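Subject: Structure handover

Hello,

Here is the structure for you to look over. My notes on it follow below.

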Amino acid sequence: MATQLYVMPITGTGTSGDARRPKYADTDLAGQNWAAMDFGNEPMMLVATATNAALGAEADVLTVPLNLDQNLGAGAVTTVQNYFEARNIPADWINTGYTYRQLVRLVACMFQIWQRCQGMGLAQLFTGGVTLSTTFSSLTLGQRTILLNAAHSLNFDTSSLTGASTMRQIIKALMVQFGGPIQMLDLTI
Amino acid sequence: MSPFPTTPLLDDFNRANENPLSDGGNWSGSTGFSSFSSAQLVSNAINPVAPSTYSGNYWAASQFGPDCEVFADVEQSSASDTLYLYCRVPVPTSNTLTGYLLRYFNGVVSVSKSVLGAQTQINSNTITLAAGDSIGLSVRGSIETAYWRKSGVWSSGTPVSDSAVTGSGYIAFAVWSSGSLRVEMDNFGGGTTIPKDSFSIVGEFDLAAF
């Protein structure tokens with residue numbers, strides 16, 4: 001059966017007995033092989049698994065079509081933008097000129113960068129009033145330090161970013177600089 | 001599938017009983033979490049120190065990586081028993097463990113990351129193993145892959161990209177058995193793997209030709 005991609009919320013508190021995991025790991029995904037990529041400590045995941053109708057029917061799951069090399073239609077652009085923006089994933093750059101593969105690749109790049117921040121100790125950022133419109137200078141010193149260190153650890157150029165740059169601008173500027181393969185099950189994107 | 005494992009067996013546990021596990025200081029305990037105790041070596045295999053008690057040790061002789069792998073034989077006789085293997089663990093004695101961990105429990109081989117003690121499961125592979133089969137974890141760059149050896153044949157699970165934990169670290173294990181004390185693990189190995197994009201030159205150059 002073909003591998004399909006889904007975007008969904010996270011469940012779990014992060015303890016060894018209740019690890020953070022895809023929201024439907026214990027229900028729709030039970031007994032299935034799957035791979036997941038979290039948005040750092042934000043409560044979202046990109047999940048790869050065999051096509052799963054129950055998963056696709058969940059109201060809070062975004063299903064990526066099997067054919068990743070087709071362009072998004074106008075209706076899909078609106079659906080995807082609304083889904084992502086409501087979950088603090090910048091999506092204003094998405095249009096019908098993108099294929100699903102390009103879309104998933106860039107979203108996965110965002111997630112990988114946020115994982116680097118997670119590994120450096122960044123807690124969930126989009127909480128307590130922080131949004132995609134929050135400027136870099138409005139963050140705490142600790143948050144700013146981690147973001148810069150994470151970007152530099154990945155050899156990213158941050159020269160275009162200033163204290164007035166919004167989180168939306170920062171994430172978009174960084175996501176296009178992420179190189180290397182991204183692997184999920186048998187998909188390399 | 002990439003060959004696995006590519007690193008040596010570090011301990012076959014074939015020696016006199018040890019409690020705590022030591023092998024002349026190659027092993028230290030415990031692995032992570034404050035509730036862990038050092039495991040014990042009984043009859044040439046690894047047992048928890050007590051029933052329903054997490055017991056773990058790390059290979060203290062050296063750190064490995066960043067690209068590294070870890071593997072061991074599963075000797076569980078109950079589906080409710082658990083075996084963990086760890087890699088890229090910079091501070092194995094920390095109560096807020098950071099690293100990647102492979103778990104075999106109840107017919108599922110899964111990979112998680114632990115960042116400052118917060119665990120996130122990043123894949124799941126349903127496979128039932130028998131005593132004497134093996135599990136392993138490879139971390140190359142940002143790609144983590146679970147492996148298992150069933151009936152003598154290694155297979156790979158679901159690779160997944162994760163960029164949270166980088167750098168070198170220790171490899172380690174932890175075991176847990178419910179009810180009664182029993183053998184949980186044998187034949188532990190692992191080490192640094194050659195980066196995927198590295199190469200070696202075989203042969204000779206004649207510099208005068210340049």
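In chain B, strand β6 and strand β16 (residues 185–192) pair in the antiparallel sense over 6 bridges; strands are DSSP runs of E, at least two residues long, numbered from the N terminus, and two of them pair if DSSP finds at least two bridges between them. Within this pairing, B:Thr192 of β16(B) stands opposite B:Cys68.

This is a predicted model, in which local features need pLDDT of at least 70, side-chain atom pairs count only at pLDDT 80 or more, and totals for chains, interfaces and linings use all residues. Residues are numbered from 1 along each chain as its sequence is written, chains are lettered from A and ligands numbered from 1 in the order in which they are written, and side-chain values use heavy atoms, leaving out hydrogens and water.

β6(B) spans residues 68–74, and 7 of its 7 residues are buried (under 20% relative accessible area, 1.4 Å probe, protein chains only). It is also joined by 6 bridges to strand β11 (residues 134–140) of chain B, and these two run antiparallel. There, B:Glu69 has B:Ser138 as its bridge partner.

The second largest pocket (an open set of points on a 1 Å grid where a 1.4 Å probe fits, with protein on both sides within 12 Å along at least five of seven lines) holds about 420 Å³ of space, the volume being that filled by probe spheres set on the points. Its lining (residues with an atom within 4 Å of a point) has 24 residues, and A:Arg21, A:Asp26, B:Arg103, B:Val108 and B:Gln121 lie nearest the centre. β10(B) gives the most to this lining, with 4 residues.

Regards

Notes: Buried means under 20% relative accessible area, exposed over 50%, partly exposed in between (1.4 Å probe, protein chains only).
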